[in-house]
Protein chains: 2
Amino acid sequence: MVTIYDIAKQANVSAMTVSKVINNTGKISEKTRARVKKIMEEMNYVPNSMARSLVLQETKMLSLLIPDITNPFFTTLARGAEDAAMRLGYKLLFGNSDESLTKEKEYVDMILSTRVDGVLFSAASDLSEPHLQTLRKHRIPFVLLDREVPGVESDAVTGNSREGARKLVEHLVGLGHRRIALVNGSLSVSTARDRLDGYKDALKLNDIPFDESLAFESSYKHFEDEGMLRRMLELPDPPTAVFAGNNFLAVGLIRKLLELGVKVPDRMSVVCFDDLGASVIDPFFTVASQPAYQFGAMGIQLLVDRIKGATTPEWKKLVLPSELIVRGSSGRPPA
Amino acid sequence: MVTIYDIAKQANVSAMTVSKVINNTGKISEKTRARVKKIMEEMNYVPNSMARSLVLQETKMLSLLIPDITNPFFTTLARGAEDAAMRLGYKLLFGNSDESLTKEKEYVDMILSTRVDGVLFSAASDLSEPHLQTLRKHRIPFVLLDREVPGVESDAVTGNSREGARKLVEHLVGLGHRRIALVNGSLSVSTARDRLDGYKDALKLNDIPFDESLAFESSYKHFEDEGMLRRMLELPDPPTAVFAGNNFLAVGLIRKLLELGVKVPDRMSVVCFDDLGASVIDPFFTVASQPAYQFGAMGIQLLVDRIKGATTPEWKKLVLPSELIVRGSSGRPPA
DNA sequence: AAAATTAAGTTTACCGATAACCCCAACATA
DNA sequence: TATGTTGGGGTTATCGGTAAACTTAATTTT
């Protein structure tokens, strides 16, 4: 590989002069500058960013840790982060924890040894807390994305899960539903708790008692059934609508419902959080849509501000609104 | 940040001894080893991988460049690559070129300055050739993924697009279709050309003449219509089936068809390459399914073999089969 | 008992870049 | 004439680690 010393030799100058040409610093005559530049071109010189990072103590790399790379919400978020990072002159090191704490830990170790300048962190669950403490201990700035983690103070970009959930459920109530089930992600994830709260809010506002036998906990990754659905349908007073904690849960749920011959929305309405991405033929789901791209873009912005110290010491909390989009999966309850 | 020198001082040994403990090399007594390890723990030491890379001349990082991060085919491929890379002790630097040559070039520059050990490259188009030549010039090993690039010899993992296309079209012929349209990606992408060839193969095998007015060129990113569909339907002898070059084209196509009131598969059958991922409620498309995860995993394997010189000099070409999966989007032509 | 090994570390140089400081001639100023 | 000042560049030390060669005392071999 060509180094500044090779260039320096060819150009009959010192390595420092070459460095100055590269960085446009110091006093170099136009003649020398041009000569050095020409030689750099000819020799296909590319600066070694590791050597530079070592002395500058910054890598110009950020890391993005997401819990599910197959979920369109997170891939869209990733695009937003990537675009913003590139625009601000940073590279982005992706990590996909697959909602697994073990994998997440491996990524945190990697992040530390890579000396990235900051991390965009979408936690696998509340149990990610030690990982975040590790980052904090090593003074690596981070911004939480989508999910807050109890016991961890930091900058964060989240959605308004509680309000979004309330709007979805109130939409169902407005259609005439009174028996509304909740199929949620794991309650060890903050958004799942918020969505549960929003669900309860909506019930309370409409004088519907909270019925525990209608509230289920599954996983955001996929709908873990284990007969839950059948039990739900066999209830003395079964639900006429379901609020699914996220897009994948809704998909899994509907698949099962179809299998069981339960038509949506005729016999059962289904609403959920988050859109389903570009690969859907017929946007069918009534959703609380979140601006996923913005999550990523704003997250990077906050992170870079923090890295550069271009912000006040208080933690910045950005809450992005979700939008209720009514489509075909929700309708009036059967008579 | 804690360095080996800090550790060395605490442990009353030289930095080299610490280095040897870390790498399990050289001769160090069990006593010293234990003491140094304990101190590393206590001080939360994490090796600086840049410093190490600088002297070892290897980064243990690979780069994966894909053209569309929103497409489930590529995200699944990415997961395969990520898992394999981590298993082999490599980090993965993702890049999303968005099918844009400009972005792709930016990533290539980044790759060079980051000194990654190798690149998994899914080219935006044939015009990516100069980018690959740049990598070659700098002796960065790469493996082409999914798409070949004319004028570039290299290791590659591809699908059998020609055969997959033939199978899909023969399936349509078997159902009784004779007027079969092709809505393809840009012909500057190798898979699109192969799929066109496979389409022609199937026609020829069944004595159906190739009709140019039924072959359209769009983009793999999304269905660019511009009245193409209307023209197609208004043909004197309109098609009864369409073979779409990939999943996104099929989705775009079906959306338009639904808008125009053309029922699938009743009035029009649609088949395509590649599955649609986990966010689909009801697997509906008849597809040639490719083992996307394997593309990534095998690609990494090939790449690492090449990096380590654990392979013969000839270029390895891995062709992964595609599987015809018949579902609801294809049926008999209308009577 | 002398020579040869070996165990356990240490010293030195280097990877490729940059910051901070130094140098010297040419010109301007008092 | 003596003294700044400035343009254009060079020297040296350093970032955090590792390879290779070197040291020294203890142990083994002959």
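## Sheet and helix in chain A

In this predicted model, helix 12 of chain A, residues 292-308, lies across six strands of that chain: strand 1, strand 2, strand 3 (118-121), strand 4 (142-145), strand 5 (155-159) and strand 11. Relative to strand 5 of chain A, helix 12 of chain A runs at about 170 degrees.

These six strands of chain A make up an open sheet, with parallel pairing and the order 2-1-3-4-5-11. At its edges are strand 2 (91-96) and strand 11 (317-320) of chain A, each of which pairs on one side only. From one strand to the next the twist averages 15 degrees. Strands of a sheet pair through backbone hydrogen bonds, and the pairing can be parallel or antiparallel. Strand 1 of chain A, residues 61-66, pairs with strand 2 of chain A in the parallel sense, over six bridges. Within chain A, Met61 has a partner in strand 2: A:Met61 stands opposite A:Lys91.

## Relation of the two chains

Chain B is superposed on chain A by a rotation of 180 degrees with 0.1 Å of shift along the axis, and the RMSD is 0.1 Å. This is the relation of a two-fold axis.

Of the interface residues of chain B, 100% are also interface residues in chain A, so the copies meet through the same surface.

## Surface near DNA strand C

DNA strand C is surrounded by 25 residues, and the closest are A:Ile4, A:Ser19, A:Tyr45, B:Thr17 and B:Ser29. By residue class, the surface near DNA strand C has 13 nonpolar, nine polar and three charged residues.

Several helices supply at least two residues each to the surface near DNA strand C. In chain A these are helix 1 (4-11), helix 2 (15-23) and helix 4 (49-56); in chain B they are helix 2 (15-23) and helix 4 (49-56). Helix 4 of chain A gives the most, with four residues.

## Contacts to phosphate and base

Counting the atoms of DNA strand C within 4 Å of the protein, 63% belong to sugar or phosphate, and the rest belong to bases.

Chain B provides contacts to both phosphate and base oxygens, among them those of B:Ser14 and B:Lys20. A polar backbone atom of B:Ser14 is 2.7 Å from a phosphate oxygen of DNA strand C. The side chain of B:Gln57 has an N or O atom 3.4 Å from a phosphate oxygen of DNA strand C. For B:Lys20, an N or O atom in the side chain is 2.7 Å from a base oxygen of DNA strand C.

Key. Residues are numbered from 1 along each chain as its sequence is written. Chains are lettered from A and ligands numbered from 1 in the order in which they are written. This is a predicted model: local features need pLDDT of at least 70, side-chain atom pairs count only at pLDDT 80 or more; totals for chains, interfaces and linings use all residues. Side-chain values use heavy atoms; hydrogens and water are left out. A residue is near a molecule or strand if one of its heavy atoms lies within 4 Å of it. A polar contact is a pair of N or O atoms within 3.5 Å; within protein, one must be able to donate a hydrogen and the other to accept it, and residues adjacent in sequence count only if both atoms are side-chain atoms. Ala, Val, Leu, Ile, Met, Phe, Trp, Tyr, Cys and Pro count as nonpolar, Asp, Glu, Lys and Arg as charged, and the others, Gly among them, as polar. Copies are superposed by least squares on the C-alpha atoms of residues with pLDDT of at least 70 in both. Contact means heavy atoms within 4.5 Å. Two strands pair if DSSP finds at least two bridges between them. Axes are lines fitted to C-alpha atoms, for helices over the stretch in contact, and angles run from 0 to 180 degrees between N-to-C directions.
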